[in-house]
Amino acid sequence: MFGRFGGGGGHFVAQYRCYPVTFIDRPQLENGDKVILPPSALDRLTQMMIEEFPMLFEVTNTKHKKTTHCGVLEFVAEEGVVYLPYWM
């Protein structure tokens, strides 16, 4: 589950199927804290008039009850999917 945290502007909450960045041949992203979200996420954030940068997100694994934080590198993932480093 993704949720934007920080200042005003509303809350962004979404659920995605998660895959490692190596699935899109981007192994260099394994050591970072950036994810790749679908374009619809950017559309929703734009409609919410989010103007604070960088955008930071809270990522939660509801099955294992673990949480971490990340930024977004690009909004080019397939719809319903997020690519993230395996350690996340």
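**Briefing: strands, cores and a pocket**

Strand β5 (residues 56-61) and strand β6 pair in the antiparallel sense, with six bridges between them. This is a predicted model, and its protein chain holds one helix and seven strands. Read from the N terminus, the elements go β-β-β-β-α-β-β-β. Of the 88 residues in the chain, 33% are buried.

**Strand pairing**

- The β5 and β6 pair makes a hairpin, with four residues between the two strands.
- To place one rung of that hairpin, look at Thr60: its bridge partner in β6 is Thr67.
- β6 (residues 66-74) also pairs with β4 (residues 34-36), this time in the parallel sense and over three bridges.
- On that side, Val35 has Val72 as its bridge partner in β6.

**Positive phi outside glycine**

- As background, most residues other than glycine have a negative phi.
- Lys65 goes the other way, with a phi near 55 degrees.
- Lys65 sits in the loop between β5 and β6, which is the turn of the hairpin.
- The relative accessible area of Lys65 is 73%, so Lys65 is exposed.
- Asp25 also has a positive phi, near 55 degrees, and its place is the loop between β3 and β4.
- Asp25 counts as exposed too, because its relative accessibility is 64% and the cut-off for exposed is over 50%.

**Aromatic pairs**

- The count of aromatic pairs comes to three.
- One of them joins Phe12 and Phe57 edge-to-face, at 5.9 Å centre to centre and with 75 degrees between the planes.
- Why call that edge-to-face? Because the angle of 75 degrees is over the 60 degrees that the label requires.
- Phe12 is in the loop between β1 (2-4) and β2 (13-14) while Phe57 is in strand β5, so their pair ties together parts that are 45 residues apart in sequence.
- Phe12 and Phe57 are both buried.
- Elsewhere, Tyr19, Phe23 and Tyr83 form one aromatic cluster.

**Nonpolar cores**

- In soluble globular proteins, nonpolar side chains tend to be buried together.
- Here the largest nonpolar core has 15 residues.
- Which of its residues touch the most other members? They are Phe12, Tyr16, Val35, Leu37, Leu45, Phe57 and Val82.
- Two or more residues of this core come from each of α1 (39-47), β5, β6 and β7 (81-84).
- Another core, of six residues, lies apart from the largest one, and its members include Val21, Ile36, Ala77 and Tyr83.
- Some names turn up twice: Phe12 and Phe57 form the edge-to-face pair and are also listed in the largest core.
- Likewise, Tyr83 belongs to the aromatic cluster and to the six-residue core.

**The largest pocket**

- The volume of the largest pocket is about 420 Å³.
- Its lining has 19 residues, and Cys18, Val59, Asn61, Leu84 and Met88 are the ones nearest the centre.
- β3 (17-20), β5 and β6 each give two or more residues to the lining.
- What is the lining made of: how many nonpolar, polar and charged residues? There are 10 nonpolar, seven polar and two charged residues.
- Keep an eye on β5 and β6: each gives two or more residues to the largest core and also to the lining of the largest pocket.

Conventions. Residues numbered from 1 in each chain as written. Predicted model: local features only at pLDDT ≥ 70, side-chain atom pairs only at ≥ 80, totals over all residues. Heavy atoms only, no water. Pairing = 2+ DSSP bridges. Phe/Tyr/Trp six-rings, centres within 6.5 Å; stacked < 30°, edge-to-face > 60°. Buried < 20%, exposed > 50% of the residue type's maximum accessible area, 1.4 Å probe, protein only. Core = buried A, V, L, I, M, F, W, Y, C linked by side-chain atoms within 4.5 Å. 1 Å grid on protein atoms, 1.4 Å probe; cavity = no way out; pocket = protein on both sides within 12 Å on 5 of 7 lines; lining within 4 Å. Points joined across faces, edges and corners; volume = space filled by probe spheres on them. Nonpolar A, V, L, I, M, F, W, Y, C, P; charged D, E, K, R; others polar.
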